[in-house]
Amino acid sequence: MKFDYPNLFIEINEEKIIFLVVKYNEDLEFTVLDTTIIKSEGILNRKIIDINVLSKLIKDTLYTIEKKIDHIFKSASVVIDHNNINCINISGYKKISGSQVSKQDISYILNDIKKTIMDKEPNYSLIHLFNSAYTLDGENIENMPIGLYGDFYNHHLTFFLILKNDIKNLKQVLNNSHIHIEKVILKPFAQNINKLKKEHSNKSQFFINLNKKKSDISIFNNLSFIYHEKFNFGTDIII
């Protein structure tokens, strides 16, 4: 993220593509410079099925936006609403035998678990990684207990992954518009973390989204995204 500089966000879903250009100050307050929404093409069941059609839509729209605000974009953060999200919750631990918990201890646990996950899921790419919970000698700690003494430290992590080929297709679409993807953001995280921050809440919360034919549930704990699942039914089954 660059301060006092146009930042581009693109949300790509089955129905529409949203282009949002904002400028942040050093307090992370932002000003919206442009919002453009177009009808989506080349996507079916939340998957890219036609790279050429989708690429042309994005390239043409970006050209119009760049002329409007007099700025050429080279990168963007992309928000996606994906069907097949692989959510994995896993804990790692380290015996510290009366020593202080250090950054090195936490890095060791994180890197060890990350390697294990990625070795077992070679066809997936990591999108989000959250520190979900910290436990020192059986007691839950609100923040990372760096500097605290203890005997046994447990660190809980949540991984969100999607198929590598889906990421490759997404990158190709943006590459065709000469845009480098800075970050891929899952829509359930983006829309719900914003609600939590507005409520200033760090408690466990459930978000249930009911559409006509599809539904999903998202769970947050202490502002960490810890679970998401989609269902192929909605209000139609209730009616």
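Strand β1 (residues 6-12) pairs with β2 in the antiparallel sense, and seven bridges hold the match-up. Keep in mind that this is a predicted model. From there we'll follow β2 over to its other partner, then look at a pair of helices and at one phenylalanine.

**β1 and β2**
- To get from β1 to β2, the chain goes through a hairpin of three residues.
- If you want a landmark in this pairing, look for L8, which stands opposite V21 in β2.

**β2 and β3**
- Strand β2 (residues 16-24) also pairs with strand β3 (residues 30-39), and these two run antiparallel, joined by nine bridges.
- Here too there's a hairpin, this one with five residues between β2 and β3.
- Take a look at L28 while you're in that turn: its phi is positive, at about 65 degrees.
- Two residue pairs help you line the strands up on screen: I17 has I38 of β3 as its bridge partner, and V22 stands opposite V32 in β3.

**Helices α1 and α3**
- Now switch to helix α1 (residues 51-69) and helix α3 (residues 164-175), whose axes come within 8 Å of each other.
- Those axes cross at roughly 45 degrees, so α1 counts as oblique to α3. The cut-offs show why: roughly parallel would need an angle under 35 degrees, and roughly perpendicular would need 65 to 115.
- The crossing of α1 and α3 also has a handedness, and it's right-handed.
- Which residues make the contact? On the α1 side they are I51, L54, S55 and I58, while α3 brings N169, Q172 and V173.
- Sort the residues of that α1 and α3 contact by type and you get four nonpolar, three polar and no charged.

**F160**
- You'll find F160 in strand β10 (residues 152-163).
- Is F160 buried or exposed? With a relative accessible area of 0%, F160 is buried, because anything under 20% counts that way.
- Here's a nice one to check in the 3D view: F160 and I88 are 72 residues apart along the chain, yet their C-alpha atoms are separated by 6.5 Å.

Notes:
Residues are numbered from 1 along each chain as its sequence is written. This is a predicted model: local features need pLDDT of at least 70, side-chain atom pairs count only at pLDDT 80 or more; totals for chains, interfaces and linings use all residues. Side-chain values use heavy atoms; hydrogens and water are left out. Two strands pair if DSSP finds at least two bridges between them. Helices (H or I, at least four residues) and strands (E, at least two) are DSSP runs, numbered from the N terminus. Axes are lines fitted to C-alpha atoms, for helices over the stretch in contact, and angles run from 0 to 180 degrees between N-to-C directions. Angles under 35 degrees count as roughly parallel, over 145 as roughly antiparallel, 65 to 115 as roughly perpendicular and the rest as oblique. A crossing is left-handed if the near helix is turned anticlockwise from the far one by less than a right angle, and right-handed if clockwise. Contact means heavy atoms within 4.5 Å. Ala, Val, Leu, Ile, Met, Phe, Trp, Tyr, Cys and Pro count as nonpolar, Asp, Glu, Lys and Arg as charged, and the others, Gly among them, as polar. Buried means under 20% relative accessible area, exposed over 50%, partly exposed in between (1.4 Å probe, protein chains only).
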